[in-house]
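Okay, thanks everyone, let's get going. I'll put the model up and then talk you through it.

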Amino acid sequence: MKIVIEKIENEIAVCELENGNLVEAPLALFGEVKEGDIVTLTVDKQETDTVKEQVQSRVAALFSRSEEDENCDY
C-alpha cells in the first residue's frame, strides 16, 4: 500500500491512503519523512512467521514450567 504524507503537524502525519481516505498517524511511525513523500507499507510474512514461532515456543516453555512447579513438593 502506498501512503502519501499530505501534511505534518505537531508530530502527527496526515496521510492519504490509496483509496483516498485521510488518516492521522504518529510521525515517528514513518521515520524521517517530509510532506509530499510517498511511503510504501508492506507485510513481512517471513518475519511474521519467525516471531509467531518464537512466541509459541515461549508460551509452551512457560506452561511446561508451570506444570513442573505444580508437581513440585515444596
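I'll go through confidence, then the sheet, then the first turn, then the salt bridges.

So, up front: this is a predicted model. The mean pLDDT of the protein chain is 90, with 86% of its residues reaching 70 or more. If you go element by element, β2 comes out on top with a mean of 98. At the other end is helix α1, residues 45–70, which has the lowest mean at 85. And the usual reminder applies: where pLDDT is low, don't read the predicted coordinates in detail.

Okay, the sheet. In what order do the four strands lie? Reading across, you get β3-β2-β1-β4, the pairing is antiparallel, and the sheet is open. On the edges sit β3, residues 22–26, and β4, residues 38–40, each of them pairing on one side only. Going from one strand to the next, the twist averages 40 degrees.

Let me walk across it from the β3 edge. Strand β2, which covers residues 12–16, is joined to β3 by five bridges, and the two run antiparallel. If you want a place to put your finger, Ile-12 is opposite Pro-26 in β3. Next over, β1 and β2 are paired through five bridges, antiparallel again. There, look for Lys-7 across from Val-14 in β2. Then on to the other edge: β1, residues 2–9, connects to β4 through three bridges, also antiparallel. Lys-2 faces Thr-40 of β4 in that pairing.

Now zoom in on the turn between β1 and β2. The two strands make a hairpin, with two residues between them. Which residues in that loop have a positive phi without being a glycine? One is Asn-10, with phi at about 50 degrees. The other one I'd point to is Glu-11, with a positive phi of about 65 degrees, and that's not a glycine either. Asn-10 is placed in the loop between β1 and β2, and Glu-11 is placed there too. Are they buried or exposed? Asn-10 is exposed, at a relative accessible area of 77%. Glu-11 counts as exposed as well, because its relative accessibility is 58% and the cut-off for exposed is over 50%.

Last bit, the salt bridges. In general, side chains of opposite charge can pair when their charged atoms come close. How many salt bridges turn up in the whole structure? The search finds two.

Take Lys-7 again, the residue we just had opposite Val-14. Lys-7 forms a salt bridge with Glu-9, and the closest N and O atoms are 3.7 Å apart. On the accessibility side, Lys-7 counts as partly exposed because it sits at 37%. Glu-9 is at 43%, so that one is partly exposed too.

The second one is between the side chains of Lys-34 and Asp-37, at 3.3 Å from N to O. Lys-34 is exposed, with a relative accessible area of 56%. Asp-37, on the other hand, is at 21%, and buried means under 20%, so Asp-37 still counts as partly exposed.

So, what to take home: an open four-stranded sheet in the order β3-β2-β1-β4, a hairpin with two residues between β1 and β2, and two salt bridges. That's it from me, happy to rotate the model if anyone wants another look.

Terms used: Residues numbered from 1 in each chain as written. Predicted model: local features only at pLDDT ≥ 70, side-chain atom pairs only at ≥ 80, totals over all residues. Heavy atoms only, no water. Pairing = 2+ DSSP bridges. Axes fitted to C-alpha atoms, helices over the stretch in contact; angles between N-to-C directions. pLDDT = per-residue confidence, 0-100. Salt bridge = Lys/Arg side-chain N within 4 Å of Asp/Glu carboxyl O. Buried < 20%, exposed > 50% of the residue type's maximum accessible area, 1.4 Å probe, protein only.
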